[in-house]
Structure formats: C-alpha cells, structure tokens
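Please look through the sequence and the 3D structure below. The paragraphs after it go from the surroundings of the ligand to a group of strands.

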Amino acid sequence: MKLPRIDIDLEKIAHNVQQLKTLYGAKGINVIGVTKVIGGDPIVADILVKNGIEILADSRISNIIKMRKAGIRAQYLLLRTPALSQVEEVVIHSHMSLNSELTVLKKLSEYALRNHMIHKVILMVELGDLREGIMPSEMNAIVKEVLDLKGLSLLGIGTNLACFGGISPDEDKMKELSLIAIRLEEKFKITLAMVSGGNSANYKWFTSSKDVGRINSLRLGESIFLGREALSRKPISGLFTDIFTLIAEVIEAKQKPSQPYGTVYQNANGDTPHFKNEGLMDRAVLAIGTQDVIVSGITPKQKIIVLGASSDHMLLDNTKASLRVGDTVAFDLNYSALLRVFSTPNIAKNKINQYECASIL
Ligand SMILES: *Cc1c(COP(=O)(O)O)cnc(C)c1O
C-alpha cells in the first residue's frame, strides 16, 4: 500500500453523521455537512448524503465542482463569501452561498438572471468574532436591497463565531441572532427558512440550551470528522474521534548525537534552532514533511517524540520505539493538519470499511 497515506474509516463517518443528525434533530436543528476538511472527497461526501445530509457546504467552489461532477446529489452551499471575480462560477455551480457584501449580492443576482437561475443567499451577521458578516445595524438596509434583487432568493441569515476571534457562540449570541431573524421577518413580512447559528463550536450552547429559539441549522465539519466540539476540542460522547490515521514510513534509523554540530545558522524553516546535548540518541527519519502536513497538528499513536521537520523529512527521537527502516508510524490529526493532508496529492487517501460506495468513481 502507498505511503505516506491517510486511512479513512467510512463506517465511522457514517456513524458520526447519524448520531449528530439525531442529536441536533431532536431540537429541530438541521445539520449541513461541511466538506472542506476532506477536500470535497466525493466518496466521503457520498457517505454524508446516504446518511441523510441534504446540504453539503464547502468553502472552495473547486471542491463543490468536484463533488457535483462525481454525481453526488445534494444542495450545495458555498461557505466562503464569494469573491467578485468568481460570482459567475458560484451561480452556476452552487445552489446557495453565505454573503456579506452588497456589491457581490448585486453581481450574483445579475449572473443568476443572465443564466435564468435563482441563487439562494444566506446573509451573515457579524456578532463579534470579526471575520465575515454584516453589522447588525446594517441588516435592515441590506435586506431591503436584497429583496429587490430579482435573481436572488433570501433563504435566511446566519453567523459564524469561534473562527477568528475565538468568540463563543453562547446563549447571548444565539438569542441575538434569533432576535435579528424575528425582527427582519416582522419588518419585511417575510419568512426566513434558514437561521444558521454556526459550526462545531455551537455544541456546548446546544446541549445546555433549553430553547434554541429560531436557530434551525448548523454547519458541521469538525464534529462529523473528528468527533469533537470546537470550543475546547472535547470529544462528543458516542462519536468516533479516530476516523483518520496518518501513516508514514521510516527511511533512516541511526544512532547519532542529539545536538547538531558545526556553526549554527538558519534551518530550512528560517529558524535558528537550539537543541540540548543529551549524548547519543537513537533517531529516525520519516518520509513526510511540512509540505504534506502541519507537524504541530499531528500526534504519534505510540511513544515517540517528534523533534522537528523540514519540507520532506520528519525527525524522531527513536529511543523508546526502536523503529527500523521500512517500519511505519501512525499519527492522529487535528483539524488544520487534516485540511493540509487533504490539500496535497502526495498523501494517498485510503478508504477503509467501504460503506455502500455504490457506483461513483
Ligand atoms: C469551516 C466552516 C464551518 C465548519 O466549521 P467546523 O468547526 O468544522 O464545524 C462552518 N461555517 C463556515 C462559514 C465555515 O467556514
């Protein structure tokens, strides 16, 4: 089997999707499946759809195109607010998008009309995390304009927290979003079909809240794929946290000094490293590097210390593991490491426990 590779347990993904759908469904919240962390992999997307996910969301239009080309039938939502330069692609390939800029909304409408389509939009509200979103005080003015744009249909509103500023989607923030939805509905005599309260960081709020208000949608990636909430990264009970395993191969194993010797300047990463002298050390080199993975985001499954990495090599303290050339080392990954792995063609994507993968690919 190819190395390095990532093993992907499809049955465990199916299990997590079912559990999360049931959990959130119990309080009327629909789960949107976020595919960016798996790079829009069609086989994985297929698992989500077969387990009842109706809307697939991705931040990259290229991933959406990939899934649609592979024949994965779903409603597609573009998560990153469209760039002006990609408006036409967005209208053609995604059914809906999150938005925060009137200039973009006008262009989306124009291209939708030109293509005899209606593009659905969800207006993002800024609630303090300071990434994308319209300031609450501007919502009325923007909604008024959007309702006049003939190529658009206003599907709802949403917010995104805990991404840039680390702001918690707590009871106050969710109440504020509900209230904005209610006021817009009253003012403009409209119904907002979707009020999308956030992402995997909303778990704590959800489990402690008696009344979820008008929130009826969450966009989940990390909870599905890593089985965790995204505020403190605690495992969610009943979910698998070990769906993915990264595996790399030992290409050198030798006893060498623990401290580099000679005149110290910058290394490949632009750092000037300092190592303690601990005498001779059993060391191993893995055929994987910073090109392939975020080294700080992976954890070996056995007792090994990662000493560092350059673009194509990872250095290990092999004292406890006694690895030999040709042996493999397995790692758990966090969200950023997973994102990077799925963005590189150099790591084989190995699906295990094939789950009714039907006719695609
Ligand atoms: C990535 C993303 C999500 C999913 O976040 P998770 O923490 O993986 O659940 C939701 N909404 C937006 C706008 C995103 O960019």
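**The ligand and its neighbouring strands in the chain**

The shell around the ligand is made up of five nonpolar, four polar and five charged residues. This is a predicted model. Of the 14 residues around the ligand, the nearest are K36, S200, R219, G221 and E222.

Some side chains make polar contacts with the ligand. In Y335, an N or O atom of the side chain is 2.9 Å from an oxygen atom of the ligand. The side chain of R131 also has an N or O atom that lies 3.3 Å from a ligand oxygen. For N160 the partner is a nitrogen atom of the ligand, and a polar side-chain atom of N160 lies 3.4 Å from this nitrogen. How much of the ligand does the protein bury? Taken alone, the ligand exposes 390 Å², and the protein buries 94% of that area.

Now turn to strand 7, which covers residues 152-158. Six of the seven residues in strand 7 are buried, so the strand is mostly covered, buried here meaning under 20% relative accessible area. Strand 7 runs parallel to strand 6 (residues 119-124), and six bridges join the two. In one pairing, K120 has S153 of strand 7 as its bridge partner. Between strand 6 and strand 7 the chain passes through helix 6 (residues 139-147), and this β-α-β crossover is right-handed.

Strand 7 also pairs with strand 8 (residues 194-196), in the parallel sense and over three bridges. Here G156 stands opposite M194 of strand 8. From strand 7 the chain crosses through helix 7 (residues 171-188) to strand 8, in a β-α-β crossover that is right-handed.

How values were computed: Residues are numbered from 1 along each chain as its sequence is written. This is a predicted model: local features need pLDDT of at least 70, side-chain atom pairs count only at pLDDT 80 or more; totals for chains, interfaces and linings use all residues. Side-chain values use heavy atoms; hydrogens and water are left out. Buried means under 20% relative accessible area, exposed over 50%, partly exposed in between (1.4 Å probe, protein chains only). Helices (H or I, at least four residues) and strands (E, at least two) are DSSP runs, numbered from the N terminus. Two strands pair if DSSP finds at least two bridges between them. A crossover is right-handed if, with the strands pointing away from the viewer, the path from the first strand over the helix to the second runs clockwise. A residue is near a molecule or strand if one of its heavy atoms lies within 4 Å of it. A polar contact is a pair of N or O atoms within 3.5 Å; within protein, one must be able to donate a hydrogen and the other to accept it, and residues adjacent in sequence count only if both atoms are side-chain atoms. Accessible areas come from the Shrake-Rupley method with a 1.4 Å probe; for residues, only the protein chains shown count as cover. Ala, Val, Leu, Ile, Met, Phe, Trp, Tyr, Cys and Pro count as nonpolar, Asp, Glu, Lys and Arg as charged, and the others, Gly among them, as polar.
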